[in-house]
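Student: I would like to learn how to read a structural model one feature at a time. Where should we begin?

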Protein chains: 2
Amino acid sequence: MFKILKTEGKARRGEFSCAHGGTVQTPVFMNVGTQAAIKGGVSALDLKNVGCQIELSNTYHLHLRPGDKVVRQMGGLHKFMNWDGPILTDSGGFQVFSLASLRKIKEEGVTFASHIDGHRIFMGPEESMQIQSNLGSDIAMAFDECVENPARYEYAKASVERTLRWLQRCKVEHDRLNSLPDTVNPHQMLFGINQGATFADLRAWHMQEIAKIDCDGYAIGGLAVGEPAEIMYEMIDVVEPFAPKEKPRYLMGVGTPSNIIEAVARGVDFFDCVMPSRNGRHGKLFTWEGNVNIMNEKYITDDRPISESCSCPVCRSHSRAYLRHLFKADEVLALRLAVLHNLWFYNELMAKIREALDNGTFADFREKYSGNLEKRA
Amino acid sequence: MFKILKTEGKARRGEFSCAHGGTVQTPVFMNVGTQAAIKGGVSALDLKNVGCQIELSNTYHLHLRPGDKVVRQMGGLHKFMNWDGPILTDSGGFQVFSLASLRKIKEEGVTFASHIDGHRIFMGPEESMQIQSNLGSDIAMAFDECVENPARYEYAKASVERTLRWLQRCKVEHDRLNSLPDTVNPHQMLFGINQGATFADLRAWHMQEIAKIDCDGYAIGGLAVGEPAEIMYEMIDVVEPFAPKEKPRYLMGVGTPSNIIEAVARGVDFFDCVMPSRNGRHGKLFTWEGNVNIMNEKYITDDRPISESCSCPVCRSHSRAYLRHLFKADEVLALRLAVLHNLWFYNELMAKIREALDNGTFADFREKYSGNLEKRA
């Protein structure tokens, strides 16, 4: 299922097999399609053209709209959104704690109000597994509590203990659902999620505990939520020795290109982040030469592509001047082109990281790019 | 330049040659890209995939943003938007009279306030020709006054006389600009525009007068602005005998599929309309079986394409259920897919009209579809 091809320091070059779409080459960036569509007018078909290997959708959003039972009735998420590659669904935990309001957390799960129409919803480990089973994703994520940083120690401790109990319940329910005769994807995998806020002892204890439960991979959650990057790197260093070597590791919701390079260096294999699409929608474009703010006046008659070293579909066809015009004229096409370019960049970033690992030159790659890709071009 | 291949009654099957992109098969629907982009996130490259033969952009909008001098500096509109097929630019006249405010009309031209930032702009026949020359379109439209319907007779008469004088000035300026050594497109053509509100005598007189000026084609403007379709058809019937037979006729801003079929039957060759993109953005989709409102609850688990008889890129890949979800979830991708489908439908409508004319079966086609394509599917 997960095969490590090569290592360089703690960095790992691997291959991960899913029920859909063959083998994912890792380290990998999952392209985010929250509501079974990529923000900015990008379809699953477009993902093929920007080098996406694996797509991520959101359990919370799809439970609300169109409803996971609708998606199930339509044959599951792959068929619904017309994407035949691997899909990871998050557990809904993060959104319950970041988007929903009027939350009440109990041992059974969380009651909250929909951010769309305020109706009351209950979600616990079993409900999260059931929704993800209906969606039929390749990888389901365990239901967890994502504690805000900075957190009180006592709260974080109680929470992480509960998140461990929730994982045990997730595992039981996930196994049960996979074995049902009419399940959408009987090969669905389950990743556990490490929590513990920014407390090293809680993080380490929790990772040791969840490692005892046989999951298909292990995520590190609750980071990149406002704490300095150094704290995030420290937490990865703290948990990495306890994360099973033979299973993939996924750093949730991270991050900038340099964050990703640094996390790969610390042994992480999977990433996802809204940054390429969100920044793109604001005209902020990633390039190997640094960031381009396409709204800038200086691009008004610049007939070069966003980046002369980029061979994405947008850079092959359109100029900075045209893209700037589209943003200034409030054309929806601006969002689409910017998001396509940024997703290509993130997918190419991962391809170059893999290439460096293949060649044994990742240390040089890290030296050259880490800390530099976020500067202004 | 324009060659009539076949006729059936007054309907004409023709071919029109432009400086860019070879030969346009007529009757043709021009796909509208107001600001050098098609609303809803559709690019010039996408137009190739929905059967578009000729694109239309708006002089008024491009003069304001990014500015026609910017477009000229970028090598003209074709290069700027990366579309190598024919482009028609309207004259700005219609927008000056429909979008701008604080209008003052004099013999020289019109002073008005930009709808974007209120700054005062003067546009007369010479300015319109200069802007369109900077854009480098294949077909420039004469600068005209588009009188509101219903109009007072005396006003309409004075206006149409002025519009004739403006055409004479357009022609002189257009010839001068085309002959400049550094002109963007020295082969730019000029179409005159017939006006006269809904007064048959003014319409007929004006068409006879503009026919004396050697234009490359003749448009009928100022219709489909609120008057009943029957009045529009009557006006076409009134002017058609005076429109030069050997030149293409263009009915501006029209219309529904049935409007187009009826106008073809009356001898019209060129069309444009925002309807496919605007309706699409509101979830209203054209099909050969009638209109589909994709927001309808009944499509929530409908896994059929928008139309089972459609082979557009959207119908080949996505279900009604998915498209409905995208609209309900406010995903920009909804707009893109709906607009692509509707543009394909309009382009296919024209292809089928041409095929019927080729086969001598246009009367049957008209009988079958006119008045029926706007019904609910």
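Tutor: Begin with secondary structure: helices are DSSP runs of at least four residues and strands are runs of at least two, numbered from the N terminus. This is a predicted model. Over residues 10-371 of chain A, the chain is 41% helix and 16% strand. The C-alpha atoms at the two ends of that stretch are 19 Å apart.

Student: What does UniProt annotate over residues 10-371 of chain A?

Tutor: An unreviewed UniProt entry gives that range as "domain: tRNA-guanine(15) transglycosylase-like".

Student: How is chain B related to chain A?

Tutor: A turn of 180° with a shift of 0.0 Å along the axis lays chain B on chain A, with an RMSD of 0.0 Å. The two copies are therefore related as by a two-fold rotation axis. In chain B, the C-alpha nearest that axis belongs to Gly41(B), at 3.3 Å. The same surface serves both copies, as 100% of the contact residues of chain B recur in chain A.

Student: Which residues does Leu335(B) contact, beyond its neighbours in sequence?

Tutor: Setting aside residues within four places in sequence, Leu335(B) is in contact with Val332(A), Gly40(B), Arg281(B) and Phe327(B). Leu335(B) itself is part of helix H14 (residues 332-359) of chain B. Its C-alpha is separated by 8.6 Å from that of Ser277(B), although the two are 58 residues apart along the chain.

Student: Turning to cysteines, how many disulfides are found over all chains?

Tutor: A disulfide is a covalent bond between the sulfur atoms of two cysteines. A search of the whole structure finds zero. For Cys170(A), the nearest cysteine sulfur is that of Cys215(A), 8.7 Å away. Cys170(A) counts as buried, at 0% relative accessibility. In chain B, the sulfur of Cys146(B) is 14 Å from the closest cysteine sulfur, in Cys273(B), which is too far for a bond. Cys146(B) also counts as buried, at 11% relative accessibility.

Student: Where does UniProt place the feature "binding site"?

Tutor: The unreviewed entry places it at Cys310(A), Cys312(A), Cys315(A) and His341(A). These residues span 32 residues in sequence, but no two of their C-alpha atoms are more than 8.7 Å apart, so they gather at one spot.

Student: Is Cys310(A) buried or exposed?

Tutor: Cys310(A) is buried, with a relative accessible area of 11%. Its place is the loop between strand E16 (292-293) and helix H12 (320-328) of chain A. Beyond its neighbours within four places in sequence, Cys310(A) contacts Cys315(A), His341(A) and Trp344(A).

Student: What surrounds His341(A)?

Tutor: His341(A) lies in helix H13 (residues 332-359) of chain A and counts as buried at 1% relative accessibility. Not counting residues up to four places away in sequence, the residues it touches include Leu285(A), Thr287(A), Ile306(A) and Val314(A). A polar atom of the His341(A) side chain lies 2.7 Å from the backbone oxygen of Phe286(A).

Student: How many residues are in the largest nonpolar core?

Tutor: In soluble globular proteins, nonpolar side chains tend to be buried together. Here the largest nonpolar core has 198 residues. Among those with the most contacts inside it are Ile353(A) and Phe362(A). Ile353(A) touches Pro27(A), Ile260(A), Ile261(A), Val264(A), Phe362(A) and Phe365(A), leaving out residues up to four places away in sequence.

Student: What is the peptide bond from Thr26(A) to Pro27(A)?

Tutor: That bond is cis, with omega near 0°. Pro27(A) sits in the loop between strand E3 (23-26) and strand E4 (28-32) of chain A. In chain B, the peptide bond from Asn149(B) to Pro150(B) is also cis, with omega near -10°.

Student: How many residues of helix H6 of chain A are buried?

Tutor: Eight of the eleven residues of H6 (residues 125-135) are buried, so the helix is mostly covered. Among them are Met129(A), Ile131(A) and Leu135(A). Just after H6(A), Gly136(A) takes a positive phi of about 75°.

Student: What is the phi of Asp330(B)?

Tutor: Asp330(B) has a positive phi of about 55°, although it is not a glycine. Asp330(B) is exposed, with a relative accessible area of 65%. Asn82(B), also not a glycine, has a positive phi of about 60°, and this residue is partly exposed at 28%.

Notes. Residues are numbered from 1 along each chain as its sequence is written. Chains are lettered from A and ligands numbered from 1 in the order in which they are written. This is a predicted model: local features need pLDDT of at least 70, side-chain atom pairs count only at pLDDT 80 or more; totals for chains, interfaces and linings use all residues. Side-chain values use heavy atoms; hydrogens and water are left out. UniProt positions are given in the numbering used here, feature names are shortened, and annotations may be inferred rather than shown by experiment. Copies are superposed by least squares on the C-alpha atoms of residues with pLDDT of at least 70 in both. Contact means heavy atoms within 4.5 Å. A disulfide is a pair of cysteine sulfur atoms within 2.5 Å. Buried means under 20% relative accessible area, exposed over 50%, partly exposed in between (1.4 Å probe, protein chains only). A polar contact is a pair of N or O atoms within 3.5 Å; within protein, one must be able to donate a hydrogen and the other to accept it, and residues adjacent in sequence count only if both atoms are side-chain atoms. A nonpolar core is a set of buried Ala, Val, Leu, Ile, Met, Phe, Trp, Tyr and Cys residues joined through side-chain atoms within 4.5 Å.
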